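Dear colleague,

I am handing over the structure below, together with some notes on what came out of going through it. Please read the notes with the coordinates open beside you.

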Amino acid sequence: MKFKVWRQANAQSDGHFETYELHVDPEASLLESLDAINESLVHQGKSPIAFDSDCREGICGCCGLVIDGVPHGPVPKTTTCQLHMHHFAKQDEIVIEPFRAKTMPVIQDCMVDKSALERVAKAGGFVSVRTGQQPDANTILIPRKKAEEAFNFAACIGCGACVAACSNGSAHLFTGAKIAQLLALPQGHPERASRARGMVKQIQNEHFGGCSNEGECTAVCPKEISTGAIAAMTREYIRSLVTN
Ligand code: FES
């Protein structure tokens, strides 16, 4: 199989595609195939392809490639690291690029800087807790429906695919997931106004785009975060302005 891969020495230089050929093991993952290409590049004394990965289990949000034009590739609800080569059995070429968004600049090759998302999370995606003895698990009762709602939004792994898929480069799905997750729990209520204001201000400071309700974000989200997160974020932001 041919791998057409984006190569870019650093953030300042222009990038280009290079093509590599590999005898593919259908049971290998896509990232293992890139590892194999890298081994051969190193043996040839060439620079290996830089790309992000960590857990390779679909839970950390570190990986992220645009594969054949789609963030995280053609298989729905699947992170890049969970793609296997049998998904590409019918094709003889695969095109691999980094996530493309002004707010996630390329560091090298297919590796991008996602720190803007971390700064948005830091602006309010948490609850402040006092130190001291750990409260009994049953002291705050949470209805099962609410717990499940919070869990569904908490499934966001912050991979940035939503930003990469959006024609506006919007981070509304990511931000909304954090806000909606904490809103579903009583522990998230005391800081709900400052959280919404802080996080929305930060997405503006980082120059993420606005949302035009096209839903590209949810289509590529490996964790199926719904646009209900965006609605929750908008409601919470308006509420925070009123209560302020
Ligand atoms: S490497 Fe952790 S989600 Fe892909």
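The buried residues of helix 2 are covered by elements that include helix 4 (161–165), helix 5 and helix 6 (192–205), and since this is a predicted model, what follows should be read as a description of that prediction. The buried residues in question are Ala116, Leu117, Val120 and Ala121, within a helix that runs over residues 115–122. Viewed down the axis of helix 2, these buried residues fall within an arc of 145 degrees, so they line one face of the helix. A general point about helices fits here: an α-helix has 3.6 residues a turn, so residues three or four places apart point the same way. Glu118 and Lys122, on the other side of helix 2, are exposed.

Of the elements covering that face, helix 6 can be described in some detail. Helix 2 and helix 6 pack with their axes 8 Å apart and at an angle of about 155 degrees; angles over 145 degrees count as roughly antiparallel, and the two helices are therefore assigned to that class. Their crossing is right-handed, and it brings Arg119, Val120 and Ala121 of helix 2 against Met199, Gln202 and Ile203 of helix 6. By residue type, this contact comprises four nonpolar residues, one polar and one charged. Val120 and Ala121 thus appear both among the buried residues of helix 2 and in the contact with helix 6.

Helix 5, which also helps to cover helix 2, packs against two further helices that I looked at. With helix 3 (residues 144–154), helix 5 (residues 172–183) makes an angle of about 160 degrees, the axes being 8 Å apart, and the pair is therefore roughly antiparallel. Helix 3 passes helix 5 in a left-handed crossing, where Ala150, Phe153 and Ala154 of helix 3 touch Ala177, Ala180 and Gln181 of helix 5. Five of these contact residues are nonpolar and one is polar, with no charged residue present.

With helix 8 (residues 228–243), by contrast, helix 5 packs at an angle of about 75 degrees, with 7 Å between the axes, and these two helices are therefore roughly perpendicular. Helix 5 contributes His172, Leu173, Thr175, Gly176, Ala177, Ile179, Ala180 and Leu183 to this contact, and helix 8 contributes Ala229, Ile230, Ala232, Met233 and Glu236. The residues divide into nine nonpolar, three polar and one charged. Ala177 and Ala180 of helix 5 take part in the contact with helix 3 and also in the contact with helix 8.

Ile230, which lies in helix 8, deserves a separate word. Its relative accessibility is 8%, and it therefore counts as buried. Apart from neighbours within four places in sequence, Ile230 is in contact with His172, Leu173, Cys211 and Cys217. The C-alpha atom of Ile230 is separated by 44 Å from that of Lys46, a residue 184 places away along the chain.

As for the chain as a whole, there are eight helices and seven strands, and the C-alpha atoms fill a box of roughly 60 × 35 × 35 Å along the principal axes. Of the 244 residues, 44% are buried. Among contacts between residues at least 6 apart in sequence, 68% join residues at least 24 apart.

With best wishes

How values were computed: Residues numbered from 1 in each chain as written. Predicted model: local features only at pLDDT ≥ 70, side-chain atom pairs only at ≥ 80, totals over all residues. Heavy atoms only, no water. Axes fitted to C-alpha atoms, helices over the stretch in contact; angles between N-to-C directions. Helix = DSSP H or I, 4+ residues; strand = E, 2+ residues; numbered from the N terminus. Parallel < 35°, antiparallel > 145°, perpendicular 65-115°, else oblique. Left-handed = near helix turned anticlockwise from the far one by under 90°. Contact = heavy atoms within 4.5 Å. Nonpolar A, V, L, I, M, F, W, Y, C, P; charged D, E, K, R; others polar. Buried < 20%, exposed > 50% of the residue type's maximum accessible area, 1.4 Å probe, protein only. Arc of directions from axis to C-beta.
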